[in-house]
There are 2 protein chains.
Amino acid sequence: MFQHPSFLFTHSRHFLHRRRHHYRHLSTPPLLHRFLSTISHTLSHPIYTIWAANTGLGKTLVSTGLAASSILSSSTSPSKLVYIKPLQTGFPHDSDSAFLYRKIPQILLHRNPQSTLLASNQTLNVSIPAAKLKVGINLSDEGQSSKNGFGDFGYYEEKKLGNGEEVGSELICKTMYAWKEPISPHLAAEREAANVEDSDVLALLKRCLEIGVGSNGNGGNTVMSLVETAGGVASPGSSGSLQCDLYRPFRLPSILVGDGRLGGISGTISAYESLTIRGYDVVAIVLEDHGLQNEVPLLSYLRNRVPVLVLPSIPKDPLNNLMEWFDESQSVFDSLNEVMMSSFQERIHRLQEMPKKAQEIFWWPFTQHKFVPEEKVTVIDSRCGENFSVHKVKNDGCITQMFDACASWWTQGPNAALQIKLARDLGYTAARFGHVMFPENVYEPALECAELLLQGVGKGWASRAYFSDNGSTAIEIALKMAFRKFLVDNEVLLDISHDNTVESSIELKVVALKGSYHGDTLGAMDAQAPSPYTGFFQQPWYTGRGFFLDPSLVSMHDGVWKITVPENINSENLILEDTSFKSREEIFNKSRDDSSLASIYSSYISQELQLNSGSRKFSHAGALIIEPVIQGAGGMLMVDPLFQRVLVKECQNRKIPVIFDEVFTGFWRLGVESAAELLLCQPDIACFAKLMTGGVIPLAVTLATNDVFESFVGDSKLKALLHGHSYSAHALGCAAACNSIKWFKDSQTNPNLIPQQNLLRELWDTKLVEKISFNPAVQRVVSLGTLFAVELQVEDYEAGYASLCATSLLLKLREDGIYMRPLGNVIYMMCGPCTPPQICLKMLQTLYTRLNEFRHEKVEKAREI
Amino acid sequence: MFQHPSFLFTHSRHFLHRRRHHYRHLSTPPLLHRFLSTISHTLSHPIYTIWAANTGLGKTLVSTGLAASSILSSSTSPSKLVYIKPLQTGFPHDSDSAFLYRKIPQILLHRNPQSTLLASNQTLNVSIPAAKLKVGINLSDEGQSSKNGFGDFGYYEEKKLGNGEEVGSELICKTMYAWKEPISPHLAAEREAANVEDSDVLALLKRCLEIGVGSNGNGGNTVMSLVETAGGVASPGSSGSLQCDLYRPFRLPSILVGDGRLGGISGTISAYESLTIRGYDVVAIVLEDHGLQNEVPLLSYLRNRVPVLVLPSIPKDPLNNLMEWFDESQSVFDSLNEVMMSSFQERIHRLQEMPKKAQEIFWWPFTQHKFVPEEKVTVIDSRCGENFSVHKVKNDGCITQMFDACASWWTQGPNAALQIKLARDLGYTAARFGHVMFPENVYEPALECAELLLQGVGKGWASRAYFSDNGSTAIEIALKMAFRKFLVDNEVLLDISHDNTVESSIELKVVALKGSYHGDTLGAMDAQAPSPYTGFFQQPWYTGRGFFLDPSLVSMHDGVWKITVPENINSENLILEDTSFKSREEIFNKSRDDSSLASIYSSYISQELQLNSGSRKFSHAGALIIEPVIQGAGGMLMVDPLFQRVLVKECQNRKIPVIFDEVFTGFWRLGVESAAELLLCQPDIACFAKLMTGGVIPLAVTLATNDVFESFVGDSKLKALLHGHSYSAHALGCAAACNSIKWFKDSQTNPNLIPQQNLLRELWDTKLVEKISFNPAVQRVVSLGTLFAVELQVEDYEAGYASLCATSLLLKLREDGIYMRPLGNVIYMMCGPCTPPQICLKMLQTLYTRLNEFRHEKVEKAREI
């Protein structure tokens, strides 16, 4: 397929050098923001990926036909076509970009001898063996020093159709990486010792995709970019990653070249499904006619939602210049082109209308709609691992990535690889089980999930798993369990009436900490201290049914970790010891049990429980409920673990069942699988949700000891725990949980895991955390596991949940590509258990810089007042 | 590949006829239980499907090698190998079963000249054109009359290796359907006018799979069945259904023959994924070596969880008898065989241990564990549309289908096609979005879902969608909405304190109906009348915060629909008119608004509201909450729609916001998309969940009018609705809902839909329903939409929720393949919106029969007492 249409050349060596300079920067990847993702692409014109169901199905012919159709489609104004071949093997003999470079001028002249066109073709990185093969290039003379086995040898060629200076259409062809052997890129890269990392491929692709942007102004000019993959959809790229995974961060709309041969229906459908279960939108399928009408079953499978176009049979004669075939195919390519243009327009239209529509019909939770004008609505086009891809309207629109630093309400954990794994396994589970009835039944995902829970976060104490849908329901169940256990242990408090119903003159209450949060259903609310969330106007039925204690808090300030003991506890000023610590580890040290502070905690708690647990009194403490170590929604408050440990001990001594609400803290959020490990004590009941499924689907579980379970076993169904939700232990949620639980605790898949220690390595740079804690605008800092939180200094009049003081800071961080949400005057960043510490560092650096600006702004403002 | 190893034949015509008789019944499908699924297969020995990534990859060679390995693996005892080729094209020239029939004796003799074997090959149904081509058969003489273009021409051959009467190993080869043209079965079927329906293929396959059962006794004999598909995994079968969809009801474990060629990695991975997202377990991949080491990236993709075996390169010479190749491949096939055997053993082991494990670590909701011994636990291996596949231990174990007639706690709706569609779209959505933050954001599935809800169940009244996770949370949100609306409309009831917090001296209550159920979280519980679910021992915090009215109920008894008006309403005995109806439709007639019963309802309700809504009083009705038409958990109680309509009107007249709890009734459960359509009035707020996602994943929504929404808009965040769950509007749930909502209301996909009427056709045979209502053991019957319910007559001492009276009846129905669960003495069957009425009929007939037996049993028992 290598031809020399040299008659078209207007090639000059001088010219070549000038242009090379112009394009050279493309061949040397910039100092890549390797860690904070910078994936983005324009929406100023359509960009499509051309995939194929297999190798040898005529992908390049489709690219060529499409390119010609696109260039010819605009008869009045010049158009631009950017063709990118990221990975090319068999080079230089095979070069798809060279094929387009040669063929398209031919087609244009064939159709219209008056055509004008400026065409160029550049090969940016060439393996040394491939470069040696290329004729007319003297390696030592032209090549620059090789990088990872590649060189930029200035392979640039250019030609012009038509006369003089007239600005005509433009064809820009780029091959990003080329290898000599005509085999799969991963093999060629290995054999030719010319490797390229996925991140480099993506970075260079990003820059190639920028070529068409803005250059044509805002006229009616046609611009289109095509990215042609190598081999089939799941053929490995150079690093070995499957191409459908490699290019996923861009999630470009796709054209699939199908297989018209015998057996081709199956291959085409399977390839379509591989793209689909990676989140790609396939806009059209195009295939060569082999007389088998493969399009008929394909259309039936697609329920006519995706067009299938049929190309005439391709001549097999290698000497055929294909002009006739391109003529015959013209109408098909024009149709395909139209499909692509209109799909692009529809997408743009939808992206643009989404904020307004959302504002009109959504009722967002925890949101004052009056404060969210249309322009504040974020359009999320997709997510890939820890990153959102959002639509931005500026510069003709673009799709750009942001780090989801609020972890989408603390649910997120998966990296890109786990996300794809979850997607496939959710597909499998939905196909195998959908959802099936749980009570009295067993099915694999539920059983495996329960096993993993009891071997993991419940290890050493829990013996039963009770599934529900979210943290709030898990808490309601936990309360029912705890109260029953308490009542069974304290039967004296019960009256058994003549009709065998049970009553009591005692009102049961929970012991809980101020600032804690357990969910928004009434039972969970009632276990919380009064707050703006719980007012009469929010829920007239709320009555805080608890004894709410003031906890001792810990945080870093000016580089020092320090405990703040509330007045109630320290009313007699007994604390003499220093409550500051050299390191965070010290705070968690078990030896603190012997400190005088431990005794002070103990006597304070005893006193409180004494006051509230006398059976003579109307109210009785029937359960303890705490968020171990960190009270999340309360403002990322770190509670002194010693205080919580003493509290647990005192309750268990009094047979008050202990509930750990690990909805937020569970599954590595705090650097360990269960936050109970940090407290060094075990509950009777614990609730998990959020991260349990890898942040993909709601599922919650309440774990309990055998003693708790036994208090529901008896001869009457009425003694059973009569609480259930339709989707109890739904297969999808359990399957997602099985995947995630295993993924996070396997050092093969989670590089952050310190083997044997069941601990994540430090994700937030200790030095930088310290530096931030010195910022005068910062009141306190907490960093633990995947969490980094900062409480901003606020004047009294700004305080409270409704405080908007952090908003300007967060808006700037969003511009930096970090999506955060405030908790009043507390801002936080949360990564996943697998997020590389380098990304955390980058975010921390960005925050550090922005916080310094913020401080100066505050000073300025203070002066103004 | 057609060879004549006739030297092996010990063929005799006499013998052939005898055996034909033996096998003949296989060729004529029995009067198939076409409607109540009878899909099942044995677990007495391994059965595998052999799939391929493409055509021409050597699937039959793999079957042959495996078969030989299996037969040879047991040197001491005879073994049996059943090979089934369901669909064969290119017949008789191509016949894969004939290939095995010829080749395996060759291999056996080659390995060991003393081998003994009884081999047979039968082709059951042959298209007329294919039959005409077959040599030596006289059509008019041998053929029986053709059926759907097929005939059974007695194509049976048999041969024996070894001497005399010794019982050796056995090879049984079957081709189920054969066509002449060497093209895809769907094309061949069309061109040769020989069609076969999917249900016939499945029925015949089921019978072929029975061949190996039991015949070898319980010795250590090796039995294996192989089912070889045609072409690639997603190649169409004869009806046009993709084979991976066609065979899905059996969900046999699978071997995938991959592609070792250039581009083959992609095709193999895609094929693997197509199987996976249909719920198949691929146990191993096997591929031919082409020197490209395709197994390396495949293993990396599979994370070494699935073995990939490599076969030596296959000789291309058509005259090669392949003996050398089979020799070289022997160890690979032996390994593959081992993998298959051990995977089978693991599966059996797991299926057997599951009930015990489940019993040890699950805590089932609403279940008294003491009543569920190990043998009562149902192991659900998978579901396909409306059917479970369950493991039964009898007869060496089998997997058999049951109709999920409790719709898995009323969540289910999908048929098999929708389930696969949902699986694919859930995969896509998980890959594209995972879950992303909802507040202040917009993404496609959430927006489309909200649009569909407002255009569908909310049409004409709702303007906002508030997402949550389940019915219970949706209700808690609805209550918060309703109370706020009420308070805003009745500001006079509020005290605004000095610090701007809002209080009230009024206690707000709900108006609700006795027997209603709204969920198990405390807020939802408090909106229900006291019941065994709500006792102190269950939830000490429960206080029924409602005015609970007695509803008028409707049901059929002795063939007549009749209203039962409670005493409270009819205290003055004013009802003179007849309260029975000729048809169910009459009950829903709007003209009843003018009846005297309407006035009686109206004055009863006015009086109740008057009593409870005076602002002088301590309590005030702040919301009405009802389950429209059917109170589900209360025992499938049908409430007089007139009563509910009058109640709604009276409340709305008094500015008491009206909540419809459509968690159970919504989305076609009652034959219309929203039960509000049956009531002929609209709420201010409505809750949906369960069937909304097609019963695959938890998602709930609370819809509200604009007026309700406006009562939360203001200048303070504290005025907003501060209630949220982590996975609010999660993308997976919304995507599933979009799919299901559209699927159920599209007559292209839902054949039960009466176009233009937005109504499902009658699913439960009216005559049979009437007959059942005459059964003396039956107290009342309700049939509406997808629901059919029967209340059994019980003596007083048996009554109540804990009643176990229905258990024996339900156990028998489970033996009949109908999985039901009781609600006390109420039993019900629930189908999906797309379930064919023939299936409902079949179930109803079964129930009718069992009810008659039940009645007689009861009579017997009564006599004994």
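Visitor: How many helices and strands does the secondary structure of chain A come to?
Guide: The model shown here is predicted, and the elements in question are those of chain A. Its secondary structure comes to 25 helices and 35 strands.

Visitor: What percentage of the residues of chain A count as buried?
Guide: A residue is buried if 20 or more other C-beta atoms lie within 10 Å of its own. When that test is applied to the 865 residues of chain A, the share that count as buried is 56%.

Visitor: What span should helix α3 of chain B have, at 1.5 Å a residue?
Guide: Helix α3 of chain B runs over residues 96-111, which is 16 residues, and 13 of these are buried, so that the helix is mostly covered. The expected span is 1.5 Å times one less than the number of residues. The end C-alpha atoms of the helix are 22 Å apart, which agrees with the expected span of 22 Å.

Visitor: Which residues have the most contacts inside the largest nonpolar core?
Guide: The largest nonpolar core has 358 residues, and apart from it lies another core, of 183 residues, which includes A:Leu87 and B:Ile104. A:Ile659, in the largest core, touches A:Leu624 and A:Pro683, among others that are over four places away in sequence. The residues with the most contacts inside the largest core are A:Leu624, A:Ile659, B:Leu624 and B:Ile659.

Visitor: What kind of axis relates chain B to chain A?
Guide: Chain B is superposed on chain A, with an RMSD of 0.1 Å, by a rotation of 180° and 0.0 Å of shift along the axis. That is the relation of a two-fold axis.

Notes: Residues are numbered from 1 along each chain as its sequence is written. Chains are lettered from A and ligands numbered from 1 in the order in which they are written. This is a predicted model: local features need pLDDT of at least 70, side-chain atom pairs count only at pLDDT 80 or more; totals for chains, interfaces and linings use all residues. Copies are superposed by least squares on the C-alpha atoms of residues with pLDDT of at least 70 in both. Helices (H or I, at least four residues) and strands (E, at least two) are DSSP runs, numbered from the N terminus. A residue is buried if 20 or more other C-beta atoms lie within 10 Å of its own, exposed if 12 or fewer, and partly exposed in between; C-beta atoms are placed from the backbone. A nonpolar core is a set of buried Ala, Val, Leu, Ile, Met, Phe, Trp, Tyr and Cys residues joined through C-beta atoms within 7 Å. Two residues are in contact if their C-beta atoms, placed from the backbone, lie within 7 Å.
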